[in-house]
Amino acid sequence: MGKIVKEGKRLRLRVAELKDLDYIMEAENRPENVRFILPESREVHEKGLNSESMVHFIVEEKDTGNAVGFLMIGNLNNPDHEVEWRKVIIDAKGRGYGHETMELLEEWSFEDMKFHRGWLDCKDYNERALHVYEAAGLQREALLRETMLVNGKYENLVILAILDREYFARKKLKGE
């Protein structure tokens with residue numbers, strides 16, 4: 001099993017390994033997930049597993065070890081200390097796992113890795129994900145209008161981000 005990097009109340013993040021690629025590809029390409037993302041090829045994911053600038057995490061239940069999602073994190077060696085949360089895919093929906101995953105991801109990004117800024121993009125009609133990201137303190141910074149051509153239709157992306165000081169201020173307000 002890959003190295004566990006963060007544990008929460010119900011979930012943990014562990015570094016993905018080659019044996020996790022089948023799950024990553026399945027989760028990414030499920031109809032309820034793929035419509036909100038641009039899927040990557042197996043080769044891109046495999047290169048990402050062996051990259052200094054990227055990491056994949058498996059999100060799994062602590063008590064069962066069952067995978068419930070995965071994260072693809074880029075820009076790990078960015079000189080500006082800016083991390084890109086490229087994929088946040090929660091496969092087990094409706095259980096609050098997205099919220100806990102974002103807590104773990106932010107804690108890892110800002111406390112462990114000392115990044116200054118974390119950001120991601122999200123399709124503007126992915127209301128569930130936008131709610132989770134904004135509840136985690138991310139702010140909408142931009143709307144990229146008609147930036148992607150998907151199945152013959154142009155789609156918009158929302159750019160959301162959070163700064164380290166915003167993360168720590170939110171944590172202090174919560175009394176953590």
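In what sense do S7 and strand S8 (residues 153–163) pair, and over how many bridges? In this predicted model, the two strands pair in the antiparallel sense, over eight bridges. One facing pair brings Leu-144 opposite Leu-157 in S8, and Arg-140 stands opposite Leu-160 in S8. S7 and S8 form a hairpin in which two residues lie between the strands. Asn-151, in the turn, has a positive phi of about 50°.

**The sheet**

The hairpin belongs to an open sheet of eight strands with mixed pairing, whose order is S1-S2-S3-S4-S5-S6-S8-S7. Strand S1 (4–7) and strand S7 (139–150) are the edge strands, each pairing on one side only. From one strand to the next, the twist averages 25°.

On its other side, S8 pairs with S6, again in the antiparallel sense, over seven bridges. Here Asp-121 stands opposite Ile-159 in S8. Nine of the eleven residues of S8 are buried, so this strand is largely enclosed by the rest of the structure.

Strand S6 (residues 117–123) is also joined to strand S5 (residues 82–90), by three bridges, and these two strands run parallel. Glu-84 stands opposite Trp-119 in S6.

**Helices on the sheet**

Helix H1 (residues 21–29) lies across three strands, namely strand S3 (54–61), strand S4 (67–74) and S5. The helix runs at about 95° to S4. H3 also packs on the sheet, where it touches S3 and S4, and its direction makes about 95° with that of S3.

Gly-48 is found in helix H3, which spans residues 42–49. Its relative accessible area is 3%, under the 20% cut-off, and therefore Gly-48 is buried. Leaving aside neighbours within four places in sequence, Gly-48 is in contact with Met-54, Val-55 and His-56. The C-alpha atoms of Gly-48 and Val-68 are separated by 20 Å, the two residues being 20 residues apart along the chain.

**The loop between S4 and S5**

Asn-78 lies in the loop between S4 and S5. With a relative accessibility of 17%, Asn-78 counts as buried, because the value is under 20%. A polar atom of the Asn-78 side chain lies 2.5 Å from the backbone nitrogen of Asp-80.

**Aromatic pairs**

The model holds six aromatic pairs. Two of them are set out below.

| Pair | Distance between ring centres | Angle between planes | Arrangement |
|---|---|---|---|
| Trp-108 and Phe-115 | 6.5 Å | 50° | tilted |
| Tyr-167 and Phe-168 | 5.0 Å | 70° | edge-to-face |

The angle of 50° for Trp-108 and Phe-115 is neither under 30 degrees nor over 60, so the pair is tilted. For Tyr-167 and Phe-168, the planes lie at 70°, so the pair is edge-to-face.

Is each ring of these two pairs on a buried or an exposed residue? Trp-108 counts as buried at 7% relative accessibility, and Phe-115 counts as buried at 4%. Tyr-167 is likewise buried, at 8%, whereas Phe-168 is partly exposed, with a relative accessible area of 37%. Tyr-167 and Phe-168 also belong to one aromatic cluster, which they form with Trp-85 and Phe-110.

Technical notes:
Residues numbered from 1 in each chain as written. Predicted model: local features only at pLDDT ≥ 70, side-chain atom pairs only at ≥ 80, totals over all residues. Heavy atoms only, no water. Helix = DSSP H or I, 4+ residues; strand = E, 2+ residues; numbered from the N terminus. Buried < 20%, exposed > 50% of the residue type's maximum accessible area, 1.4 Å probe, protein only. Contact = heavy atoms within 4.5 Å. Pairing = 2+ DSSP bridges. Axes fitted to C-alpha atoms, helices over the stretch in contact; angles between N-to-C directions. Polar contact = N/O pair within 3.5 Å; in protein donor to acceptor, adjacent residues only side chain to side chain.
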